[in-house]
Amino acid sequence: MASGTALIYDEKMATHKLLWSDPICDIEVPERLSSSYEQLKSYHLVERCVPVPAREGSEEEILLVHSLEHLEVAKSTQTMNEEELKRVSENYDAFFFHPSTYHCARLAVGATLQLVDAVMSGEVRNGMALVRPPGHHSQRNAANGFCLFNNVAIAAEYAKLKYGLQRILIVDWDVHHGQGIQYIFEEDPSVLYFSWHRYEHQEFWPSLKESDYDAVGLGKGKGFNINLPWNKVGMGNSDYLAAFFHVLLPMAFEFDPELVIVSSGYDSGIGDPEGQMNATPEVFAHLTHFLMQLANGKLCVILEGGYHLKSLGESVCMTVKTLLGDPVPQITGEMAPCLSAVESIQNVRAAHKPYWKWLAYEDTSFLQNLSTKSHLLKKANSNTSTEHETKITNNNNTVKVERFLELHMKNILFPVPPIKTATIGSEGSEHFLSEHVQLVKEMDKTEIKSLVSGFYADLVEEDKILLSLGSMLAILDKILKKEVCNGIAASPTAALSAAVALRHSVRFGFQRVLCVFVGDMQITPNTEDGKMLIINICEKEQPGKTSCKHCISLNWKEDAEGNDFFSAVLGFILPVAYSYQPNLTVIAVGPNRSLGISGISLLVALLQGLAESRIVAVIEHPVVLSTTVSLCDL
Ligand SMILES: CC(O)(O)CCCCCNCCCN
Ligand SMILES: [Zn+2]
């Protein structure tokens, strides 16, 4: 696996700027680039990255996506005076030319392609390109929305051509719809395009019908265009995480891309004048972390929008920090998405049901009850206040819908994955976790005995078990003292080790410890005080096991394609875990587990988004330890 994070920045891209007064375009200023770069320097992140130089994109590369006419018009502006520049700019919706625009736009294309080359060649694992002018609105024959050449679309075509890629995922978390990218790949099943965007029932720019959730792609491209419209402003971390858990990530894992490119606009972050959203910069660390689990970590992040310089800078730093493998900062606050977000999530899932295996069980009966077009909903309660939650008006249809969504929100957040019986995939001895092993000296027996004497003394008679606890407790101690980020311990009895780890962590003072136990968990610690949440993934109902408040058992077995795994982990375990906001995660793997090694290592990687990546893994299966197991990335 390649390592290192590329950072591509060239201050020449700051020369493009608005020469006349235009209240629409005057937010796209050169300082967006320079202040982001300064912020990265102030957090000592630049020096940790691999510097890759920008270059000019060639005319041939630009023609991968744009018409010759578009290229010629852009080229001709280099020698124009202000008067002519203004006139040409007026041919487009929300675009301005400067004499240096053409050169800057070619640098933006070239920087993007340099990043693709650095990642695809294995020189680095991932990276970010700080570019302007942005690209995702520009079209084959037109500039649009501050964009001249479509950097990300050109990068996808370039990667297909040069590296023979057949599955490229483009994630567009900019708050505007990248209609340019949608138009370019609408009929192309090799490029999966996901965009969320402020929409407000087509009121918000670019106010296109084809930005709604029912634009799923055309012809062979059906199912490969995903639009998630935000019909209210004020969307926050919980809405963004829900969109990833319940829409993007299941599709992305099923699509299994060879490369992931992000149209990384930060105008979806708090404080931005365009987005008017509430998501905090930390959320971009989580979104980045999730995408790093795809395509063997091959991730290219390309700047698009972002107009509040402080918010932009913080979000860029959160992104780069995560690309470098740093622990992910804890997300705090309300964890349930708002009703409007749930409605949009449901609608896009229903629209894509015919095209995705993971949606095979999707219950779209709600569509009969609801008006399938949300703008009808809007008409019904048009007198509601514009604040985040629509009030329940006297119109009983709206009441029914709100009530219905409330019920459905629980379902959406806690769907019961389809219980299916299938054989367990045979596990290889793949590397369980990646590098940075820090071997820890074991705790001695007397210390262990005294430590566990309180609650499991009778169980730990044999020395072998006692010793196994020693290695786990030694590692756990380092994690509790925050000397290391995470650790892995072998154990002949994962259940006992997990129970001891939970008890020890709570006694150490941790208030909320999450335990994900894979396999049959013979011992269930008392979780009544709410200081532990146990999710047990097991093959069959535990005899006489009562599911108590903080102890959830999920019984299912991995099916051939592992789709249940994704919908259960992404649609259930992660939302529950994020709602619990643990400050430590214990993952224990028992003997007869229902998950393969690759499934478990993905589960561990995804759980790293919690508790500032503090995880202790207790593995019982001997095979895992015979391979060169190593720890999760720090
Ligand atoms: C890269 C980007 O998506 O951030 C560009 C956004 C352009 C916004 C244009 N607004 C036009 C408002 C017209 N009433
Ligand atoms: Zn934008």
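## Loops, ligand and zinc in a predicted model

Asn296 sits in the loop that runs between α9 and β8 (299–303). This is a predicted model, and Asn296 is a handy place to start looking at its backbone. Phi of Asn296 is near 55 degrees, a positive value in a residue other than glycine. With a relative accessibility of 61%, Asn296 counts as exposed.

Gln276 has a positive phi too, about 55 degrees, and is not a glycine either. You'll find Gln276 in the loop between β7 and α9. Gln276 is partly exposed, its relative accessible area being 42%.

Then there are the cis peptide bonds. One runs from Arg132 to Pro133, with omega near 5 degrees, and Pro133 belongs to the loop between β3 (126–130) and α6 (151–163). Another joins Trp205 and Pro206, where omega is about 5 degrees. Pro206 has its place in the loop between β5 (191–198) and β6 (225–230).

On to the zinc ion (ligand 2). Its coordination comes from Asp174 (OD), Asp174 (OD), His176 (ND1) and Asp267 (OD), at 2.0 to 2.6 Å. The site has six donor atoms and is irregular, with angles of 54 to 158 degrees among them. Along the sequence, the donor residues follow the spacing D-x1-H-x90-D. Asp174 comes from the loop between β4 (168–172) and α7 (179–185), and Asp267 from the loop between β7 (259–264) and α9 (282–291), so the pair ties together parts that are 93 residues apart in sequence. Asp174 is buried, at a relative accessible area of 1%, and Asp267 is buried as well, at 0%.

Asp267 turns up again around ligand 1. That ligand is surrounded by 14 residues, and the closest are His136, His137, His176, Asp267 and Tyr307. His176 and Asp267, both among these, are also zinc donors. The polar contacts to oxygen atoms of ligand 1 include these:

| Side chain | Partner | Distance |
|---|---|---|
| His136, polar atom | ligand 1, oxygen atom | 2.7 Å |
| His137, polar atom | ligand 1, oxygen atom | 2.6 Å |
| Asp267, N or O atom | ligand 1, oxygen atom | 2.9 Å |

Taken alone, ligand 1 exposes 430 Å², and the protein buries 84% of that. Sorted by class, the shell around ligand 1 is made up of six nonpolar, five polar and three charged residues.

Note on methods:
Residues are numbered from 1 along each chain as its sequence is written. Chains are lettered from A and ligands numbered from 1 in the order in which they are written. This is a predicted model: local features need pLDDT of at least 70, side-chain atom pairs count only at pLDDT 80 or more; totals for chains, interfaces and linings use all residues. Side-chain values use heavy atoms; hydrogens and water are left out. A residue is near a molecule or strand if one of its heavy atoms lies within 4 Å of it. A polar contact is a pair of N or O atoms within 3.5 Å; within protein, one must be able to donate a hydrogen and the other to accept it, and residues adjacent in sequence count only if both atoms are side-chain atoms. Accessible areas come from the Shrake-Rupley method with a 1.4 Å probe; for residues, only the protein chains shown count as cover. Ala, Val, Leu, Ile, Met, Phe, Trp, Tyr, Cys and Pro count as nonpolar, Asp, Glu, Lys and Arg as charged, and the others, Gly among them, as polar. Donors are N, O and S atoms within 2.8 Å of the metal (3.2 Å for Na, K and Ca); water is not among the atoms, so sites may look incomplete. Four donors count as tetrahedral if all angles lie between 85 and 135 degrees; four count as square planar and six as octahedral if opposite donors are over 155 degrees apart and all others between 65 and 115; anything else is irregular. Helices (H or I, at least four residues) and strands (E, at least two) are DSSP runs, numbered from the N terminus. Buried means under 20% relative accessible area, exposed over 50%, partly exposed in between (1.4 Å probe, protein chains only).
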